[in-house]
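Biologist: I have a structure open and I'd like to learn how to read it. Could you walk me through it?

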Amino acid sequence: MVRGAEDYTTAVRVMERDFYGVVRTADHESPVPYRSMYHGGIMHGGQLLGEEFRNTPADYFGPTSGYGRSSGRCAR
C-alpha cells in the first residue's frame, strides 16, 4: 500500500481534486525533461521541458502521430 502511494506521488508538482477525481502533473527527467498530466491513473499527455524543446510538439501532436504525419506541421 505504501509503495503504491509513493509511486502515485513521486515527482508530483500539483495535485488537485475536482468533481471528476484527482488531476496531477509530474515532472520526469529521463529520457528527456518532460511534464505529464494525469487524471486518476491515466496519463493524458504532457510537454517537453527546456529551451532546446521549446515549441516542439509531443504526444498527440508529435511528428510521428497521425496528426503530425498528415499535416506536416510538426517538423522541427
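Biologist: Let me start with burial: what percentage of the residues of the protein chain count as buried?

Modeller: Keep in mind that this is a predicted model. Of the 76 residues in the protein chain, 22% count as buried. The accessible surface adds up to about 5,900 Å², and carbon and sulfur atoms supply 56% of that.

Biologist: And which pattern does the protein chain follow along the sequence?

Modeller: Reading from the start, you get α-β-β-β-β-α. That makes two helices and four strands.

Biologist: In what order do the four strands sit in the sheet?

Modeller: With a sheet, look at the order of the strands and then at how they pair. Here the order is 1-2-3-4, the sheet is open, and the pairing is antiparallel. Strand 1 (12-18) and strand 4 (42-48) are the edge strands, each pairing on one side only. On average, neighbouring strands are turned by 15 degrees against each other, if you ignore direction.

Biologist: How many bridges join strand 1 to strand 2?

Modeller: Six, and these two strands run antiparallel, with strand 2 covering residues 21-28. For one pair you can look up yourself, take D18: its bridge partner in strand 2 is G21.

Biologist: What about contacts between residues that are 24 or more positions apart?

Modeller: Count the contacts in the protein chain with a separation of 6 or more, and residues 24 or more positions apart account for 3% of them.

Biologist: Is R24 buried or exposed?

Modeller: To answer that, compare its relative accessibility with the cut-off: under 20% means buried. R24 is at 7%, so it counts as buried. You'll find R24 in strand 2. A polar atom of the R24 side chain lies 3.3 Å from the backbone oxygen of G40.

Biologist: Now the backbone. Which peptide bond is cis, with omega near 5 degrees?

Modeller: Look at the step from S30 to P31: that peptide bond is the cis one. P31 belongs to the loop between strand 2 and strand 3 (34-39).

Biologist: What is the phi of N55?

Modeller: Phi is a backbone angle, and its sign is worth a look. N55 has a positive phi of about 65 degrees, although it is not a glycine. N55 sits in the loop between strand 4 and helix 2 (66-71).

Biologist: Is N55 buried or exposed?

Modeller: Exposed: the relative accessible area of N55 is 75%, and the cut-off for exposed is over 50%.

Note on methods: Residues numbered from 1 in each chain as written. Predicted model: local features only at pLDDT ≥ 70, side-chain atom pairs only at ≥ 80, totals over all residues. Heavy atoms only, no water. Pairing = 2+ DSSP bridges. Axes fitted to C-alpha atoms, helices over the stretch in contact; angles between N-to-C directions. Buried < 20%, exposed > 50% of the residue type's maximum accessible area, 1.4 Å probe, protein only. Contact = heavy atoms within 4.5 Å. Areas by Shrake-Rupley, 256 points an atom, 1.4 Å probe, with all protein chains shown as cover. Polar contact = N/O pair within 3.5 Å; in protein donor to acceptor, adjacent residues only side chain to side chain.
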